[in-house]
Amino acid sequence: MKTVLITGCSSGFGLETARHFLAQGWQVVATMRTPSEDLLPRSERLRVLALDVTDAASIRDCVVSAGPIDVLVNNAGIGLLGALEGIPMAQVREIFEANTFGTMALTQAVLPQFRERRAGVVINVTSSVTLKALPLLAVYTASKAAVNAFTEVLALELAPFGIRTRLVLPGRAPSTRFGENARSRMQGSIPEAYADLAGGVFAGWTQSTEEVTQAQDVAAAIWRAATDADCPMRLAAGADAEALLPTA
Ligand SMILES: NC(=O)c1ccc[n+]([C@@H]2O[C@H](COP(=O)([O-])OP(=O)(O)OC[C@H]3O[C@@H](n4cnc5c(N)ncnc54)[C@H](OP(=O)(O)O)[C@@H]3O)[C@@H](O)[C@H]2O)c1
């Protein structure tokens, strides 16, 4: 029976992906900053472990407790909307710590066991904003575009060891806690000079009739990345993302 370790399972895509792999009969290590046993169906195949991807000791403890895994899903992430001028560098670093360096650090911690077994898959969740630039998302987009590049280069370095890496790029998903979580970081992030631009962006979202991404779309793309060795490096998740990156 195969085992997947997923980060950021307290809500949104991570929670849905944990449900999906459980339903498919996999062993699931669902990791959360604040572990809760009540979010997922009770199962002998489920373990809920504490993990903050920005904390080296937490990563070390989690990887030891998890034991052997077959697939790592780096899903945990945080958002930030704002003009660069309104974002303190400490916040820029916070975004990169979680989205970029957290992904790198956990991947680094898991690789020795993958290399020794000459098997394993690393799936990194980035975003369709890396396919089509949107205003007021420079820092967030940069943190995710770096993961795209990281993942594609790593694929070359790990192929000789039988290890695969893949990217899942979800579109906009207003149904997760992502927007609400990001709002706590938006204090002062839109200086007055950018108010009109921001107003246009918000109005565009409110009036948009474009399709959005559902958590199930992301779980399905991650499932494909885990189980289909021949799938493309980049998998779009959600109708809006697929419009930007058609995936066969
Ligand atoms: N929703 C969208 O529109 C969208 C679109 C494209 C890509 N994405 C990406 O998809 C991923 C999942 O987002 P989502 O929409 O499911 O958002 P979400 O509901 O806010 O879930 C994000 C998860 O990441 C966790 N997390 C945040 N910082 C962490 C850290 N330092 N260590 C460990 N876990 C941490 C959160 O845990 P806590 O509960 O502890 O905060 C939560 O479980 C993110 O990487 C996001 O950038 C989202």
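In the predicted model, helix α7 comprises 13 residues, for which a rise of 1.5 Å a residue gives an expected span of 18 Å; the end C-alpha atoms of α7 are 18 Å apart, so the expected and computed values agree. Within this helix, A215, D217, V218, A219, A221, I222, W223, A225 and A226 are buried, and the buried residues of α7 pack against two kinds of element, namely the helix α1 and the strands β1 (3-6), β4 (71-74), β5 (121-125), β6 (164-170) and β7 (234-237).

The largest nonpolar core has 57 residues, and those with the most contacts inside it are V4, L72, I123, V168 and I222. Helix α7, covering residues 215-227, gives the most to this core, with eight residues. In soluble globular proteins, nonpolar side chains tend to be buried together. When neighbours within four places in sequence are left aside, L72 is in contact with L5, L106, T107, V110, V122 and I123. Of these partners of L72, L106 is placed in helix α3 and is buried, because 25 other C-beta atoms lie within 10 Å, where 20 or more are required. The contacts of L106, again without its neighbours within four places in sequence, are with T7, V53, I59, L72 and N74. L106 and C62, which are 44 residues apart in sequence, have C-alpha atoms 9.6 Å apart in space.

Around the ligand there are 29 residues, of which G8, G12, A76, G77 and T176 come nearest. By residue class, the shell around the ligand divides into 10 nonpolar, 15 polar and four charged residues. Helices α1 (12-23), α3 (89-117) and α5 (178-183) each supply at least two residues of this shell, and the largest share, three residues, comes from α1.

Helix α1 is itself mostly covered, with 10 of its 12 residues buried; the buried residues are G12, F13, G14, L15, E16, T17, A18, R19, H20 and F21. At 1.5 Å a residue, the 12 residues of α1 should span 16 Å, and the separation of 17 Å between its end C-alpha atoms agrees with that expectation. Just after α1, G25 takes a positive phi of about 90°.

Most residues other than glycine have a negative phi. Positive values are nevertheless found at two residues that are not glycine, R118, with a phi of about 55°, and L136, with a phi near 70°. R118 lies in the loop between α3 and β5 and counts as exposed because it has 10 C-beta neighbours inside 10 Å, where the limit for this class is 12 or fewer. L136 lies in the loop between β5 and α4 (138-158) and, with 22 C-beta neighbours inside 10 Å, counts as buried.

Taken as a whole, the protein contains eight helices and seven strands, and its C-alpha trace spans about 55 × 40 × 35 Å along the principal axes. For 248 residues, a compact globule would have a radius of gyration near 18 Å, and the value of 18 Å for the protein agrees with this. Buried residues make up 40% of the 248 residues. Among contacts between residues at least 6 apart in sequence, 70% join residues at least 24 apart.

How values were computed: Residues numbered from 1 in each chain as written. Predicted model: local features only at pLDDT ≥ 70, side-chain atom pairs only at ≥ 80, totals over all residues. Helix = DSSP H or I, 4+ residues; strand = E, 2+ residues; numbered from the N terminus. Rg over C-alpha atoms; globule rule 2.2 N^0.38 Å. Contact = placed C-beta atoms within 7 Å. Near = placed C-beta within 6 Å. Nonpolar A, V, L, I, M, F, W, Y, C, P; charged D, E, K, R; others polar. Expected span 1.5 Å × (residues − 1). Core = buried A, V, L, I, M, F, W, Y, C linked by C-beta atoms within 7 Å.
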